[in-house]
Every structure is written in C-alpha cells, then in structure tokens.
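Me: I'm new to reading protein structures and would like a close look at one part. Could you pick a helix, walk me through it, and then tell me about the cavities?

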Amino acid sequence: MLRSGVVFSGIAACIVIALGCGTDKPGSTGSDTIPEGLPDAFSETTGADSPDSGHPAWAFDHPWTDGEFIRDEHGRVLTLRGVNVSNASKGAPFMPKWLGPESFQTIARAGFNVVRFLVFWEAVEPNEGEYDEDYLDRVEQAVDWAGEAGVRVLIDMHQDVWGRKYHEDGAPVWATMDDDIPFNPSGQWWLGYTQPAVIRAFDSFWDNRDGLRDKFVAMWTHVAKRFATNATVIGYDVFNEPFQGSFGSDEDFCEQGLNPLYDALIEAIRAVDTRHILFLEPSILTSIGTESCVAPSVTDGVVLAPHFYDPLAKIDWNYDLDPSRIEQAFTAFSASAARIGVPWFLGEWGFSISGKGSAEYYLDHMRLLDGGFVNWACYGFDKGGGMSLMGADGAPKWNLDILTRVFPRSVAGRPLDLREEEDGTVVFDFEPWPWVEAPTEVFVPDSRYPSGFRASFPAGEASQNSVPGGTLVTLRPEPRDPPGQARLTIEPVAPPSRFGLSSHVSTSDSAARSQELALDAEAGLRLIRRDFSWSHIEPAPGEFVFGGYDAVVDEAAGLGIEVLGLLDYGNPWAYGSPGNDSTLDPDAFAAFAGECADHFKGRVRYWEVWNEENIDRFWKPQPDPGAYGRLLKAASTAIRDRCPDCRVLFGGLAPGYMPGPYWLWGFLDLVYKAHPDLNRYFDILAIHPYTAAQMAAPEDDPMFGSLPQAIASARHILWAHGAAKPIWITEIGWPAAPEPPAGPMDKPLPNVSLDDQARFLVRGAVLAASAGVAATLLYTTFDGSALPYPTSEDFFGILQYDPDPASDPGPEKKPSWHAVRTMTGLLAGRPYVGAVTTSTPGVTAHRFGPSADSDEDMIVAWSPGTSKTTVKVLSHNGPPIVTGISGTPLSVQDAGDGFVVPVGPDPCYMMGKLSIQ
C-alpha cells in the first residue's frame, strides 16, 4: 500500500488534542418520495393515500435512511438524541458494574431516545477465531434493558489508541501487529497515536496484513448476525475514530484504507442483516471540524457519523465563547454527508463541566444542533468524570439539564425550524406530509417547564400524554392541499414568585385578613399557601360554601399575591371508619377537589393535595402510602378534568424524624411502590425540610445533613421512579420568641434566637434556590396566641401575635420580617446562577443574575456560625453596593486592588459586576 508519509507529522500531533472520547440545515432533496431499491421489508399500505399527492402511505419494519434523513418505521423523520454508554466499560469485564435497567430509565427520563453503546473487539474476540458469547449475552441484556425503557441502541465498535497493548481499548493483543516496536506511554492518552508502534499497528490493519482486516470484518459479521432481528438496535457504528496511521493525507487514507474497509463491512453485514443502519465515521482528524472524504460504494442505509470536540477549547478546557468553530464544523459535516447523499449523526461531543465557559459551550452546541435538526449522542453516561452527565453518586449534573430540551422525536413531514426563545418559548415549524399516517411527536421535558406549559397548534389537533421525564405532544394536522407549513408553539406558564409564605390568613375576620395580606405584600411575598378545608367548604355532600375563600383569593390578587390552595383534611360524612383517614372515600374527596378547581379556575392554578400525610399528626391513625396514593390520583384526575391549566402538588412531606420506612422522604418511595403509575398524577413535589427540632442551621443538620442534601434526597427518589419533576418547599421555618418560652411543667421549648430565625430563613431560601427548588414558602406570618400554654409552633411567625388586628399599633415586626422584605426586594425576579468560590475559609456565597430592573448580578454571602470575617471583592464598575440583612447599607473599604466587605452569620447582598477572591 502506498504511503505519502511514513510518520505521524508534528502538525497532526498538535491536532490530536482535539480528538474524541477520552449548521446549516439538512439539504432538501427527495425526502417526500419513497426511495428506490428498498429491501423487501418495505411495503405500501392501502387506504391512506393523499387524494392529490400521488404519494402512497408506507410501512417499514425498521428505521431506514432516504439520503437526507433517518426515517422510522412509519416513514417519519426520526430525530436521534442520546448519550454514549459508557467510558466505564473500557476495561474488563467491559461492562459498567452499576449498569442496569434503571440506568436506561434515567436516560429515557432525560428525553433521550438512543444510546451509542460501546463494545470492543477485544471483548468480542479475545482469542483469534473464538467469540465470547457470554460477553455478547451481557450486551444483549443491556440492549433489552434499553428497549424496555423505550431507548434505541447504536452498537459502537470502540477503540482508543488501537488497543490494550497500548494501555487503551479496542483491538485484542493478538490482533496488534507492530513488529515489536517499543511503546513508551506518556502522560496524555492521545499522544499514544504519535508512537511508532501504534502507527505500525494501524498500518498493519489498513494493509490487511495476514488478513487482519478480514478478521475484523468476520468479527463484525458475527456480531451483526447476533443482533440482525433485534428491534431495539437501530444500527452499527462500525469503527470508532479511525486513525490514518502513516498515510500522509486524508484523501489517501480514504481511498486506500477507510473506504475499502467500509465497502467490505457493508457487504459482509448486509449478507446477514438487512435491517440495521450502518454508521460510518470519518478519519479521527476530522473531529476538529473538517470535511470528510469518506465515500462508500453503497449509501442505502448508511449514515455519516463524525465527532466534534472544539480543538481550541479542549486544549486547556477553556471555551472562548466563540461559536464560529462549531458552526464551521457542522457546515463541514453537512457538506460531507450531502456529497455522498446520506444523513449525518454527531456521534460524540461534550466538554468538562469544570472547564471555563462550559455552560456556554453546551448551550452554543444545543442552539446549533436544534436549528440544524442534527442527530447526536453526547459523551457520556458515566458515574463521575469531567465530561459525564452523572455524578459519582448517580445524581444528574447540570449539563444534563441543558441537554434535556423540547425536540420532535418523529416528524410526519419535513422539519423546517426549531428554536428556543429567551423566555423559554419553543417554536417548531414543519411541512406535514399527508401520506404519512403516523402523527408527529414532540417531547416536552418536565424539568424545562416547572410551572407547566401551553401547547398551541393552529394547524390541527394536539394531544398530550405523560411519558418518562415529561410529556409527549402528538400532532395531527388538518388535511390541506398543498400541505403548507404547520407550527407548534410550546409556551411556559409564568412561574410563581420564588419566595412565599405558608399562611393561615383568615376566611372569617375581614380585619385580620386585610392586615395579614397587606403585611405579606409589604414584605414582598407574592405567593401564599392557604388551607382549603374540606369540612368547611363542603359541610354536606354536594353542598359547597366558598364565601371566605373567595375573599382571601380576591383580596390577595388585588395586592399582587397568588394563592396556592391546600386541599385538606377529612370530612365527618366521608369516613368509612370515623377518624381513620385511610377510610375516606377518594371519589368524595375528588368531587370536592374538582369543585374547588372549577370554582377558582383562572384565580388559583396550584393545588396541593393534603399536608404532611406521612406523619400521624395529619394522617390518622397512621400514615398509609397506598391510601394516600388513591386519594391523590382521584383528586388529580378531577382537578385536571375541571381545570386543565391547573397544576397538582404531591402533599408536602414532613422529614420523618424517626428512622424507618418514613425516614426523610421514604413515604414518597412507598407511594410509588404502591402506585407505579404515580407520575401521571402530580406535577410538583412539595416537601417540608425542617431541620432537627426546628433548631439546626440549614447548612448543618445533624439528622439530614445540609438543606441541599435533604433536597437532593427527594430528587433521588423522583429520579429512581422515572420523574424529573420540580420540587417546591411549601413549608420551612424556625421558631423564635422574644424570651425563651416555657412549655408544660415549665420545661423550655425548642427555640432559636430572633436573629437566628432571620438568618436561617434567608440562608435556607438561598440554599434551596441553589438546590434547584423553584419556590420556597416560609412558615408562617404570625406567631400564635400561646394559649392555654405555649408550644414551639406558636413562634414560627415573622410577626408577633396581634390580639386586635383592627387597632393601632399593628403587630410588632420581628427581625425575620425585615430580613424577608430585604431578601425579596433584592432577589425576586433574579435567576439563580451558581455558587461562588472564595478563598476565605468558611464563607458561603451564591450568585443571582440580572433582573428586569437591573443588569447587574447580586451575590449573597455569609459565614455560618458566629464568626465574622471579610472577603475581597473585585468590581468592574466601581465599589459594590452592599446591603445588610435588614436592608441597611454596609460600608466597604477600598483596598486599592479591590474592596474589603465584612461577612458574618447575617447574609449580606453585594450588587455589581463582581467576583470574590
């Protein structure tokens, strides 16, 4: 075989740093006709022809390609979005130990519909001519797990730096022909490609030395025969990141090495498997974003599958926010695919989340991938690792949130445009093909729209069905001639205020009601939670009395306050056994819930079903997961029937202080086990993460860890049961009295100081935002009357008890009221950005972004405990504006190279273009 170069050049060695794993829209040729030369599995159906189109409807028993798009079994354009699974399989036993059915369920919940599943020549054929069927059985089991989760599988024959002999993965040692040239490992894995031994091993393969390439083809034939009829497998990625060895140019490599391999593989695989798509990768060097010279002799059922890692960004994991290189790469890949007449699939891309500009890197990719309707698989699905979507504990990382987006899974027509506006609205345009019977299906993730969404489809009928992780919007356009263009708009429902209050505002005393609501509004609280008592509203079956509740809702609305309705508790006439909440008639409770939803339609949009049903104080005589699940399902169905725009909250869970099945959020897990279809019946999970004895600080709870850890525990249970639902805190607080109160027998009651209550409420709300909580409702407005003797619950208010709301002066405002007013005034409307790392020990800081009234950020900082310290702040626009916990300005010291800001247990707010040393 001729070589125009005998060594891997220094220039190429510099390029390899951009290599893999560790846009223009597609063309417009021929997608509205049935391609010629399809396999026998294709058949025309009858009775579905468009009267004037001349196009028959079609049916197919597997996905296929038409030269421009990947099509599904019904002829729809298939959009593939997925992940690589997995880097952890690159060593024996070549399968992650943690991989199981739940792994693929997690993948499905993110909306992904494909995995690029890594397999290895060395695992398939550890000894020459001997295939490891046990390994292939494990692969097949993983494929089955994926299929059960509704995820397709692309089997990828993976290699990095040729194989095991060079401390990487891929080819078995027996297939490594390097003439015993020494291999000297270096600190960077990719530099292995520059080693003469590795170059010689690749040359031996491309030269088919001793029939080595033929043996690779035979191995692939064996694998393809094993999966030939597997409906979950969508295709085969036949060679990961082919390296050119000593070929001096990509053109020579394609002509003499790569294209002959692909022609041989296509012929051999097609002899045993006619249903699966073959994904062909260009040279590894095209991973920097250049055009490819791959040109197989056969293109039916073929997809071009390049990778892209921004070469400049990956050098030091520093993205310069310039998307032009991404645009150029996608343009090059599109041109390469169009040249040979095949679709393309971005088989690998990603970035280390610890790298600078990592969020922007993912966002710029998604904007261009969406706009070009590119099929892709991100790298990768592992537990831990800089580029992984999952943490070492299996919890999703923030980059998974960026990838979890609205997208059309299957389009019965030509996709035209997909874009997301700044406010979260998604617009999808397509040209329907009336000769395709199956509907267009668009995935809308729950995590993208925590307050819900509205789907608008003027061109026809749109229906919604719950699926793992979100909603599938099904579109059936009205027949039109010519078809024209159809548009789906997904519009987010405006979220509630981030900060609110769980209140007992009066339904009977107008003076008390007006006083409380006015003080709530003055404190900047725009969301209150109020009990809607079943026994009060429906004193007799079918007899509904809403008077006082109407007054609360309407008066609150007049002050700009939204009401969250809490549907509780029992009703004497609805019990099967008096006092036993498990014997309540679910249908009767559902009728009450539905009537409330209908009566307050347009005024109340959030309904929480019961309160702390996991403790015996509120579900008597003892918690009952099965019974509560039945009540929730019945109520949810009635609410949605009467008010489709309403959202249902799973009743706020108490932490559950005693170890056992209800410990922390264990009750939620038990309700799921009693009702596996539970995800269909609630939109938001409500929790009450009170700390131990309502006295521990939110950062340091001896029972549950920090507040973010407690929230993460709830999210883990949701994910374990297929939900990516938003979490709200509908109660959290700390009791504080002017003097430590004494309870029965003069024993001191649990109590924090007035100052600690203020500190903890603010710090807790900020930490909740950092943990992804969409709304935090503090408990409560007023202290109790403390009669006949005080309890801790009498002192949770941010205002002291007022025995006469109609007289002056009004109630005394506790330090916590002033702290809450400052917090809402400075943080309301600002999106949470992230934690701020400081070099000062013990300082916690979090950044919130610009608001509608200010284009500057806000940093909230404090030092837990009682110690005070300072931090140095770098400002790009003059001295920072620093505000204390109660709204008073704080002075800063100009240090010449920055500003010194005092920080202590009271949170302070710093506004400006700031960074903290």
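Reply: Here is a walk along one helix, followed by a look at two cavities. Please keep in mind that this is a predicted model.

Let's start with helix H9, which covers residues 324–340. How far apart should its ends be? At 1.5 Å a residue, its 17 residues should span 24 Å, and the end C-alpha atoms are 25 Å apart, which agrees.

Now for the side that is hidden. The buried residues of H9 are Arg325, Ile326, Ala329, Phe330, Ala332, Phe333, Ser334, Ser336, Ala337 and Ile340. A handy rule helps in reading such a list: an α-helix has 3.6 residues a turn, so residues three or four places apart point the same way. And what do the buried residues of H9 pack against? Their partners are two strands, S11 (302–304) and S12 (345–346), together with two helices, H8 (311–315) and H10 (358–371). Just after H9 comes glycine 341, with a positive phi of about 75 degrees.

On to the cavities. The largest cavity has a volume of about 70 Å³. Among the residues lining it are Trp121, Met157, His158, Trp162, Phe216 and Asn240. Sorted by class, this lining has six nonpolar and four polar residues, with no charged ones.

The second largest cavity has a volume of about 50 Å³. Its lining includes Pro689, Tyr690, Asp701, Phe704, Leu707 and Ala710. Here the classes are six nonpolar, three polar and one charged.

Methods:
Residues are numbered from 1 along each chain as its sequence is written. This is a predicted model: local features need pLDDT of at least 70, side-chain atom pairs count only at pLDDT 80 or more; totals for chains, interfaces and linings use all residues. Side-chain values use heavy atoms; hydrogens and water are left out. On a 1 Å grid over the protein atoms alone, a cavity is a set of points where a 1.4 Å probe fits but cannot get out, and a pocket is an open set with protein on both sides within 12 Å along at least five of seven lines; lining residues have an atom within 4 Å of a point. Grid points are joined across faces, edges and corners, and a volume is the space filled by probe spheres set on the points. Ala, Val, Leu, Ile, Met, Phe, Trp, Tyr, Cys and Pro count as nonpolar, Asp, Glu, Lys and Arg as charged, and the others, Gly among them, as polar. Helices (H or I, at least four residues) and strands (E, at least two) are DSSP runs, numbered from the N terminus. The expected span of a helix is 1.5 Å times one less than its number of residues. Buried means under 20% relative accessible area, exposed over 50%, partly exposed in between (1.4 Å probe, protein chains only). Contact means heavy atoms within 4.5 Å.
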